[in-house]
Amino acid sequence: MSGSLQHGPNDILRYLLIGLGGGLVVAPTTPPANPAPDWIINVGFEPTSPDNCITVFNTSPILDGRTHPDGETQQHDGIQIRVRSLTEPVGYAKCNAITTALDAILRSSVVIGSSQYLVQSVSHRGILYLGKEEGTSRRIHTINVVMSVRQVS
Amino acid sequence: MASSSLTSINAVLKRLEKKYGGNVSVIVGYPWKPRTSKGDRGPETYSIYVHEDLTKNHEIGQAKFLEQPARQLRREIGQAVVTVTQKTGSLKSGLIAGGELLKTASQALVPVDTGALHDSAFVAVE
């Protein structure tokens with residue numbers, strides 16, 4: 001499913017992860033806190049600080065054709081979750097917590113402003129370790145996911 | 001190894017395996033191994049990093065140079081596998097043709113600095 005979405009799939013996933021609570025990821029504040037807390041989740045842009053942070057990017061979707069009765073194009077949206085951490089074990093533990101949370105998502109409602117979305121499911125392909133960030137000793141992990149989402153209102 | 005095992009065409013493969021026999025699979029990818037020493041600088045030491053790093057702007061090419069065409073061309077790849085398998089009677093030949101199609105599409109997107117990563121793309125029968 002998908003249809004047209006008012007917000008990007010990465011933004012919807014960001015709000016979904018923030019809504020799970022439990023300190024999994026932290027919503028950015030306005031104005032930004034100084035120093036910024038760990039595990040702020042960003043969309044499309046990775047800030048230089050703090051060391052421990054999460055960024056979500058849109059990637060290519062999987063197009064599933066059109067449904068017979070209404071001709072609606074069906075697709076699974078692709079998203080990359082990038083986890084930057086000071087050390088490898090800390091990054092892996094955060095990735096593990098995120099994948100566990102993603103596995104539990106089933107027909108979850110996400111509200112962004114006046115828009116409401118229904119996330120049917122999010123499937124991932126495991127955790128990838130990319131090594132050190134260029135120019136620093138911070139570590140990078142990624143999780144690639146596809147998400148099935150529909151805008152309800 | 002940054003690779004795609006063409007899992008999206010599983011239904012087509014099952015049908016072809018029934019008709020043409022054989023339990024064969026093909027991997028399309030770029031070599032990958034962790035760096036073991038400072039002098040170790042082949043494309044196999046950075047292929048996955050280039051593929052996954054969406055924060056970099058490349059003058060030529062882009063990240064996700066394998067995953068994106070694998071998703072976008074899955075129907076065309078499936079069709080190539082079916083056509084060549086039916087023509088040759090060999091599922092292995094069909095899968096290699098599908099793999100070559102993906103490899104060519106991927107090489108058109110791979111970032112080019114020295115060309116080493118571009119040239120390291122492979123199609124291998126498992």
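**View 1. V122(A) stands opposite M147(A) of β6(A) in this predicted model.** Here we look at the pairing of β5(A) and β6(A), which is antiparallel and extends over twelve bridges. Step back a little and the setting appears: an open, six-stranded sheet of chain A with mixed pairing, in the order β1-β2-β3-β6-β5-β4. At its edges are β1 (40–43) and β4 of chain A, each of which pairs on one side only. On average, and with direction ignored, neighbouring strands of the sheet are turned by 40° against each other. Helix α1(A) packs on this sheet and touches β1, β2, β3, β4, β5 and β6 of chain A. The direction of α1(A) makes about 110° with that of β4(A).

**View 2. At the edge strand β4(A), side chains alternate between two faces.** Do follow the strand residue by residue: S108(A), V110(A) and I112(A) point to one face and are buried, while S109(A) and V111(A) point to the other face and are not buried. This is a familiar pattern, since in a regular strand the side chains alternate between the two faces of the sheet. Strand β4(A) runs antiparallel to β5(A), and five bridges join the two. Within this pairing, S108(A) stands opposite V119(A) of β5(A). The hairpin formed by β4(A) and β5(A) has two residues between the strands, and G113(A) takes a positive phi near 60° there.

**View 3. The largest nonpolar core has 27 residues.** The members that touch the most others are L13(A), I81(A), L102(A), V119(A) and V122(A). Two or more residues each come from α1 (9–20), β2 (53–66), β3 (73–85), α2 (88–103), β4 (108–112), β5 (115–132) and β6 (139–151) of chain A. A second core, separate from this one, has 20 residues, among them V12(B), V81(B), L102(B) and L117(B). In soluble globular proteins, nonpolar side chains tend to be buried together.

**View 4. A closer look at I81(A) shows its contacts.** Leaving out residues up to four places away in sequence, I81(A) touches L13(A), I54(A), T55(A), V56(A), I98(A), L102(A), H141(A), T142(A), I143(A) and V145(A). Two of these partners, L13(A) and L102(A), are also listed with I81(A) among the core residues that touch the most other members.

**View 5. F57(A), in strand β2 of chain A, has contacts in both chains.** The relative accessibility of F57(A) is 7%, so this residue counts as buried. Beyond its neighbours within four places in sequence, F57(A) is in contact with N10(A), G44(A), F45(A), G78(A), I79(A), Q80(A) and R82(A). From chain B, L54(B) and T55(B) are in contact with F57(A) too. Have a look at G8(A) as well: G8(A) and F57(A) are 49 residues apart along the chain, and their C-alpha atoms are separated by 9.4 Å.

**View 6. Y30(B) and F65(B) form an edge-to-face aromatic pair.** The ring centres are 4.9 Å apart, with 85° between the planes. The count over all chains comes to one aromatic pair. Both Y30(B) and F65(B) are buried. Because Y30(B) lies in strand β2 (residues 26–30) of chain B and F65(B) in the loop between α2 (47–52) and α3 (67–72) of chain B, the pair ties together parts that are 35 residues apart in sequence.

**View 7. Chain B has six helices and three strands.** From the N terminus on, its elements run β-α-β-α-α-α-α-α-β. Of the 126 residues of chain B, 44% count as buried.

Methods: Residues are numbered from 1 along each chain as its sequence is written. Chains are lettered from A and ligands numbered from 1 in the order in which they are written. This is a predicted model: local features need pLDDT of at least 70, side-chain atom pairs count only at pLDDT 80 or more; totals for chains, interfaces and linings use all residues. Side-chain values use heavy atoms; hydrogens and water are left out. A nonpolar core is a set of buried Ala, Val, Leu, Ile, Met, Phe, Trp, Tyr and Cys residues joined through side-chain atoms within 4.5 Å. Buried means under 20% relative accessible area, exposed over 50%, partly exposed in between (1.4 Å probe, protein chains only). Helices (H or I, at least four residues) and strands (E, at least two) are DSSP runs, numbered from the N terminus. Contact means heavy atoms within 4.5 Å. Two strands pair if DSSP finds at least two bridges between them. Axes are lines fitted to C-alpha atoms, for helices over the stretch in contact, and angles run from 0 to 180 degrees between N-to-C directions. Rings of Phe, Tyr and Trp (its six-membered ring) pair if their centres lie within 6.5 Å; planes under 30 degrees apart count as stacked, over 60 as edge-to-face and the rest as tilted.
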